[in-house]
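Me: I would like to learn how to read the features of a model such as this one, going from single residues to the sheet and then to the ligand. Could you take me through it step by step?

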Amino acid sequence: MLEKIREIYKEVESIVIENAEQLEKFRIAYVGRKGVIADLFENLRNAPPEDRRAIGAELNNLKNLAQDTFTQNRDRLENEQTQTGQPAPVDLTLPGTPNQLGAVHPLSIVRARIVEIFERIGFNVADGPEIEDDWHNFTALNFPPNHPARDMQDTFFVEKNPDIALRTHTSSVQVRLMENGKPPFRAIMPGRVYRNEAISARAHCLFHQVEGLYIDENVSFADLKQTLYYFAKELFGKDTKIRFRPSFFPFTEPSAEIDISCFICKGKGCNICKYSGWVEIGGSGMVDPNVLSNCGIDPEKYTGFAFGMGIERITMLLYQVKDIRLFTENDVRFLRQFGPVS
Ligand code: DAH
């Protein structure tokens, strides 16, 4: 009998209990009233009286070992459960943990407002690829072969293929639109653009633009002015004035820079408008006849205007954001200020 006791002792010593199920099996086999140890106590009666004392002592040791193994493993398993947060007791009366609401990115808010304003006056939304070829980004837009904007300074080219680059402006989408359709065209084209520029508070190597294009018979500069005037009043407030400054772009003739009256100081002069009363929001012009013919459109029959504006620039003006880098840093303290998703 002593041998049997020692055998079971070794068994209990080497047992590994990993979960509640194994613990219960162990309890039934060794600790319970119908287990092996209880059986041995029963059998103690049949042992020769002179041996009973010694056997009884060993049996008690075994019983204690089994009991200790059980309680230690039970406590350990319970502890693990509470640490992993598994089925610990739940207090259903506690208040719930509120869900954190995200916020719409300020650039998305402004892009959506721009789109919504132009949609009201019949513009569709179009888009094109961010990885472009030279034709769509430059050549079709009437950039001469040695134009400085093609320079490595401004453009991210694909290393092994100088014909492929990240688009430097959304004007490339104009070309795709005109090549693939028939006039009239009336579309705006928001999207991300890339320039090989040093990052600072005012410039970034990636930003967003919204391009506009209107091509039909008899479209004039007056249509351009009126369209942008309507847009400026809707976005910046009904007292906003608009001003066109002569400029140059290869793809428009004539070309003009678009200024709006400073809606912060109402034209009186402040540091946003650098005390001029005006702030620039983009470029525009009448689509150059060369661009129309490059895209398969008869410049004798059709005319049109185009414009391009920086979404970061407009957002910075609207919300008085002083550093363009904030838009891409994903700092929740910045993003939260634009309100939760409604
Ligand atoms: N593509 C120009 C730029 O990135 C902006 C621009 C100017 C777009 C005049 C136009 C335009 O469509 O007519 O600076």
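**Reading the model, feature by feature**

Reply: Let us start with a single residue, keeping in mind that this is a predicted model. Asn137 lies in helix H6.

Me: Is Asn137 buried or exposed?

Reply: The general idea is to compare the relative accessible area with a cut-off, and a residue is called buried under 20%. Asn137 has a relative accessibility of 2%, so this residue counts as buried.

Me: Which residues does Asn137 touch, leaving aside those up to four places away in sequence?

Reply: Asn137 is in contact with Glu132, Phe143, Arg167, Thr168, His169 and Ser172. Two of these names are worth remembering, since His169 will return with the ligand, and Ser172 is one of the buried residues of H7.

Me: How should I read a sheet, and what is the order of the strands in this one?

Reply: Strands of a sheet pair through backbone hydrogen bonds, and the pairing may be parallel or antiparallel. Here seven strands form an open sheet with mixed pairing, in the order S1-S5-S6-S10-S9-S8-S7. Strand S1 (124–125) and strand S7 (242–249) stand at the edges, and because each has a single partner strand, one side of each is left without a neighbour in the sheet.

Me: In which sense does S7 pair with strand S8, and over how many bridges?

Reply: The pairing of S7 with S8 (residues 252–261) is antiparallel and extends over seven bridges, with Pro246 standing opposite Ala256 in S8.

Me: What can be said of S6 and the strands it pairs with?

Reply: S6 pairs with S5 in the antiparallel sense over 10 bridges, and Tyr194 is found opposite Leu206 in S6. S6 also runs antiparallel to S10, to which eight bridges join it, and there Leu213 stands opposite Ala306 in S10. As for its cover, S6 is mostly shielded, with nine of its 11 residues buried.

Me: Turning to the ligand, how many residues surround it, and which are the closest?

Reply: The ligand is surrounded by 15 residues, of which His169, Ser171, Arg195, Gln209 and Glu211 are the closest. By class, the shell divides into four nonpolar, nine polar and two charged residues.

Me: Which atoms make the polar approaches, and at what separations?

Reply: One reads such a contact as a pair of N or O atoms within 3.5 Å. An N or O atom in the side chain of His169 lies 3.0 Å from a nitrogen atom of the ligand, a polar side-chain atom of Ser171 is likewise 3.0 Å from a ligand nitrogen atom, and an N or O atom in the side chain of Glu211 is 2.5 Å from an oxygen atom of the ligand. Taken on its own, the ligand has 360 Å² of accessible area, and the protein covers 89% of it.

Me: Which elements give two or more residues to the shell around the ligand?

Reply: They are helix H7 (171–179), strand S6 (206–216), strand S9 (278–287) and strand S10 (303–310). For H7, the buried residues are Ser171, Ser172, Val173, Gln174, Val175 and Met178, and these pack against strand S2 (131–133), helix H6 (134–137), strand S5 (185–194), S6, helix H9 (289–294) and S10.

Me: Where is Arg325, and how exposed is it?

Reply: Arg325 sits in the loop between helix H10 (311–319) and helix H11 (326–329). Its relative accessible area is 29%, so Arg325 is partly exposed. Leaving aside residues up to four places away in sequence, Arg325 touches Ile199, Ser200, Ala201 and His204.

Conventions
Residues numbered from 1 in each chain as written. Predicted model: local features only at pLDDT ≥ 70, side-chain atom pairs only at ≥ 80, totals over all residues. Heavy atoms only, no water. Helix = DSSP H or I, 4+ residues; strand = E, 2+ residues; numbered from the N terminus. Buried < 20%, exposed > 50% of the residue type's maximum accessible area, 1.4 Å probe, protein only. Contact = heavy atoms within 4.5 Å. Pairing = 2+ DSSP bridges. Near = heavy atom within 4 Å. Polar contact = N/O pair within 3.5 Å; in protein donor to acceptor, adjacent residues only side chain to side chain. Areas by Shrake-Rupley, 256 points an atom, 1.4 Å probe, with all protein chains shown as cover. Nonpolar A, V, L, I, M, F, W, Y, C, P; charged D, E, K, R; others polar.
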